[in-house]
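Hi,

Here's the structure I promised to pass on to you. Have a look at it first, and then read my notes below.

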Amino acid sequence: MHPPRTGRLCDGKMLTMVDAIRTKWMDPEFRRDPKTSHFCAVCQRDLKPGQPHRRVLFTLDAYAAVHAEDWDRAMGPTGEGYVIEAIGMDCARKLGLEWTAPAKA
Ligand SMILES: [Zn+2]
């Protein structure tokens with residue numbers, strides 16, 4: 001267990017931020033077997049080289065996507081328990097773009 005991460009509000013009160021991490025179940029599709037190592041984390045369809053996609057950060061235990069604004073806090077110093085993978089544009093739109101981040105160029 002990590003100790004709770006805290007921040008300090010402007011009036012000096014301590015704020016525990018662990019509970020503020022928003023997650024959403026990705027509803028992944030495991031019936032399909034990807035043929036390459038570059039595939040959508042939700043529908044498991046292969047992404048062609050250069051095909052537009054985004055990135056999704058999710059928990060390995062529950063396949064819960066983390067809201068893009070909460071990535072830094074969710075990852076913490078180690079990122080343990082989380083993984084960032086590619087997500088196709090269709091699945092990113094279905095999940096909500098705010099739950100994903102642009103792919104690195
Ligand atoms: Zn997909």
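Let's start with a small puzzle: which residue in S7 does Arg54 stand opposite? Try to find it on screen before you read on. The residue is Pro102. S7 covers residues 101-102 and is joined to S4 by 2 bridges, with the two strands running antiparallel.

One thing to keep in mind throughout: this is a predicted model.

**The overall layout**

The chain has 105 residues, and 20% of them are buried. You should be able to pick out 2 helices and 7 strands. If you walk along the sequence, they come in the order β-β-β-β-β-α-β-α-β. Among the contacts with a separation of 6 or more, 57% are between residues 24 or more positions apart.

**Strand S4 and its partners**

S4 is a good place to park your view for a while. It is mostly covered, with 5 of its 7 residues buried. Besides its pairing with S7, S4 is joined to S6 by 7 bridges, and these two strands also run antiparallel. To see that pairing for yourself, look for Val56, which stands opposite Glu85 in S6.

**The core**

Next, which residues touch the most other members of the largest nonpolar core? They are Ala41, Ala65 and Ile87, out of 17 residues in that core. S4, S5, S6 (82-88) and helix H2 (89-95) each supply at least two of the core's residues.

Ile87 is worth clicking on. Setting aside neighbours within four places in sequence, Ile87 is in contact with Cys40, Ala41, Val42, His53, Arg54, Arg55, Val56, Ala92 and Thr100. You've already met two of those: Arg54 is the residue opposite Pro102, and Val56 is the one opposite Glu85.

**Two residues with positive phi**

Where do the non-glycine residues with positive phi come in? Gln44 is one of them, with phi near 65°. It sits in the loop between S3 (23-25) and S4 (53-59). Gln44 counts as partly exposed because it has 17 other C-beta atoms within 10 Å, and a residue needs 20 or more to be buried and 12 or fewer to be exposed.

Tyr63 is not a glycine either, yet its phi is positive, at about 50°. You'll find Tyr63 in the loop between S4 and S5 (64-66). It has 18 C-beta neighbours inside 10 Å, so Tyr63 is partly exposed as well.

**Far apart in sequence**

Finally, two pairs to try with the distance tool. Arg22 is in the loop between S2 (14-16) and S3. How many residues separate Arg22 from Ala68 in sequence? The answer is 46, while their C-alpha atoms are 9.0 Å apart in space. Not counting residues up to four places away, Arg22 touches His67 and Asp70. With 15 other C-beta atoms within 10 Å, Arg22 is partly exposed.

The other pair is Lys94 and Met26. They are 68 residues apart along the chain, and 9.5 Å separates their C-alpha atoms. Lys94 is in helix H2, and it counts as partly exposed because it has 15 C-beta neighbours inside 10 Å.

That's what I have for now. Shout if anything is hard to find on screen!

Cheers

Technical notes: Residues numbered from 1 in each chain as written. Predicted model: local features only at pLDDT ≥ 70, side-chain atom pairs only at ≥ 80, totals over all residues. Helix = DSSP H or I, 4+ residues; strand = E, 2+ residues; numbered from the N terminus. Core = buried A, V, L, I, M, F, W, Y, C linked by C-beta atoms within 7 Å. Contact = placed C-beta atoms within 7 Å. Pairing = 2+ DSSP bridges.
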